Amino acid sequence: MLKINPLSTLYVGIDVSSKSNYVCALDFYKNKYINSSFANNQPGAEELALKILECLKEHPDITTIVAALESTSVYSIHIANYLSSCEELMRFKPYVFVLNPKCTANYKKSYIGLGKSDPIDAFVIADYARAGNIESEPWRGSQFLALKRLTRHRLHLVECMTREKTYLVSNLYLKFSELQMLEGDDQPFCDIYGATSSSVLMEYLSPEEILVSSEEDLIAFLAEKSRNRIKDISKTADLLKKAARDSYRLDKALYEPLNVSIASSFNCIETFKREIKVIDNAIEKEIKGLNPNAFIILQSIDGIGPVFAGGIIAEIGDITAFHSSDALAKYAGLTWKSNQSGDFDGEDTPMIKAGNRYLRYYLGEAANSMRKHNVEYGAYYRKKYNEVPKHQHKRALALTSRKFVRLVYGLLARNQLYSGVSLDTSIKDSN
């Protein structure tokens, strides 16, 4: 909670849009000092700063500025940066907060019959700050912004690649129905999106061509495309021929269009993979010059590399912004709604997912990697996995991520490397 004198504070609520910012400034008694719109550009921000200065000169009893605005894609970044670093406002100790829109939306419900407009939204944001509801830390400026843009762009590329793979599946089933359905030892390829699999799917026009190909030619083809990395290449060839034999047959006119679509999807996937590697290198380079201690600490955890460490640090920033691991988990959206009334205690407690989805993603990916490399976390995951019959992996990973949050908070708050000792006995929240 921000420790200021509320009676001597100007509360500035900003309703951000791509072209303009509507501003409402209140004192503690709800007197409106500013109620107008400013362009969302550099001249508009300078005009707003001058307007705030004029207001403070007319009311010398006000000595602090609290500016609040909702997180509105990238449109809130420039105005938040400007107000938090404006030299003319520095002597009034400006605090700038970028709020979760859900917080102000729920606060607005306390006003019965309040309509929807830019002036009303700006007033609600200012009054939300005036009521002392802000619990987040002030805007950190562009300190972590560069790293954050890289880690978020990486997630964007991963999501694009996942969508492309999902789309590719439909065409793969049409062309080679049985190959996609096989699992375990019956599947010829360990990765159906890998180089060997993609070569087979693109260079053989149909399953019939695989069937009529001699065993020697097919084995030679697989050896060349896999660079002799397949252990039992004869078995792989047999499984591939069996899958071709069991697959549905299509009209010959369909195979050429399907091959064009499949080849295009594979090319897109390969492009995404290359770009992700470029971003991974940029993340590692950026984070080494930003916060080396936190970077080294997180990489000391089993299964955590520079990319996951960079993603977590970019979204957390300075760990001192959080007073406990519970606060960090709430910021990431890794908390669950209670469902209790009287003697009733519901078993269904959905995760709120109202926090930072990027942090939640990197915590989840890091926890998933750690449970494969760490005995304690692997055992915890399996325990949670076996507790329920439905959504086993999803639930177990979410709970493992919550356990991982305690570890991350404890290590960063104590500024110590991971020793592999049990979390419950070695790392507790620092208040």
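Biologist: The structure holds 15 salt bridges; what makes a pair of side chains count as a salt bridge?

Modeller: The term requires a side-chain nitrogen of Lys or Arg within 4 Å of a carboxyl oxygen of Asp or Glu. This is a predicted model, in which local features need pLDDT of at least 70 and side-chain atom pairs count only at pLDDT 80 or more, whereas totals for chains, interfaces and linings use all residues. Residues are numbered from 1 along each chain as its sequence is written, and side-chain values use heavy atoms, with hydrogens and water left out.

Biologist: Why is the pairing of Lys-108 with Asp-121 called a salt bridge?

Modeller: The N to O distance between the two side chains is 3.1 Å, which is within the 4 Å limit, and therefore the pair qualifies. Lys-108 belongs to helix α3 and Asp-121 to helix α4 (residues 118–130), so that the pair, 13 residues apart, links distant parts of the chain; helices here are DSSP runs (H or I, at least four residues), as strands are (E, at least two), numbered from the N terminus. Both Lys-108 and Asp-121 are buried, a word reserved for under 20% relative accessible area, with exposed meaning over 50% and partly exposed the range in between (1.4 Å probe, protein chains only).

Biologist: What makes the salt bridge between Glu-159 and Arg-357 a tie between separate parts of the sequence?

Modeller: The side chains of Glu-159 and Arg-357 meet at 3.1 Å, N to O, and, because Glu-159 lies in helix α5 while Arg-357 lies in helix α15, the bridge ties together parts that are 198 residues apart in sequence. Glu-159 has 28% relative accessibility and is therefore partly exposed, and Arg-357, at 39%, is likewise partly exposed.

Biologist: Which helices are tied together by Glu-203 and Lys-225?

Modeller: The side chains of Glu-203 and Lys-225 form a salt bridge at 3.1 Å, N to O; Glu-203 lies in helix α7 (residues 195–203) and Lys-225 in helix α9 (residues 215–226), so parts 22 residues apart are joined. Glu-203 reaches 47% relative accessibility, which means that it counts as partly exposed, and Lys-225, with 26%, is also partly exposed. Elsewhere, Lys-30, Asp-127 and Arg-130 are linked in a network of salt bridges.

Biologist: How do you know whether Leu-48 is buried or exposed?

Modeller: Leu-48, in helix α1 (residues 42–58), has a relative accessible area of 1% and is therefore buried. Not counting residues up to four places away in sequence, Leu-48 touches Ile-14, Val-23, Phe-38, Ile-79 and Leu-83, where a contact is defined by heavy atoms within 4.5 Å. By C-alpha atoms, Leu-48 is separated by 73 Å from Asp-238, which lies 190 residues apart from it along the chain.

Biologist: Why is Lys-384 called buried?

Modeller: Its relative accessibility is 15%, which falls under the 20% limit, and Lys-384 is therefore classed as buried. Lys-384 sits in helix α16 (residues 375–385) and, leaving aside neighbours within four places in sequence, is in contact with Arg-395, Ala-396 and Leu-399.

Biologist: What makes Met-181 eligible for a surface patch?

Modeller: Patch members need over 30% relative accessible area and no salt bridge, with nonpolar side chains (Val, Leu, Ile, Met, Phe, Trp, Tyr) joined within 5 Å and like charges within 9 Å. Met-181, in helix α6 (residues 177–181), is partly exposed at 49% and therefore passes that area threshold. Together with Tyr-173, Leu-174 and Tyr-248, Met-181 forms a nonpolar patch with about 460 Å² of accessible area.

Biologist: What is unusual about phi in Ser-73?

Modeller: Most residues other than glycine have a negative phi. Phi of Ser-73, however, is positive, near 50°; Ser-73 lies in the loop between β4 (64–70) and α2 and is exposed, at 57%. Arg-227 likewise has a positive phi, of about 55°, without being a glycine; Arg-227 lies in the loop between α9 and α10 (233–246) and is exposed, with a relative accessible area of 65%.

Biologist: Which residues lie nearest the centre of the largest pocket?

Modeller: Val-98, Leu-99, Asn-100, Ser-136 and Tyr-331 do, out of 45 lining residues, and the volume of this pocket is about 1700 Å³. A pocket is an open set of points on a 1 Å grid over the protein atoms alone where a 1.4 Å probe fits, with protein on both sides within 12 Å along at least five of seven lines, and lining residues have an atom within 4 Å of a point. Elements that each supply at least two lining residues include α3 (101–108), α5 (145–175) and α15 (357–373).

Key: Accessible areas come from the Shrake-Rupley method with a 1.4 Å probe; for residues, only the protein chains shown count as cover. Grid points are joined across faces, edges and corners, and a volume is the space filled by probe spheres set on the points.
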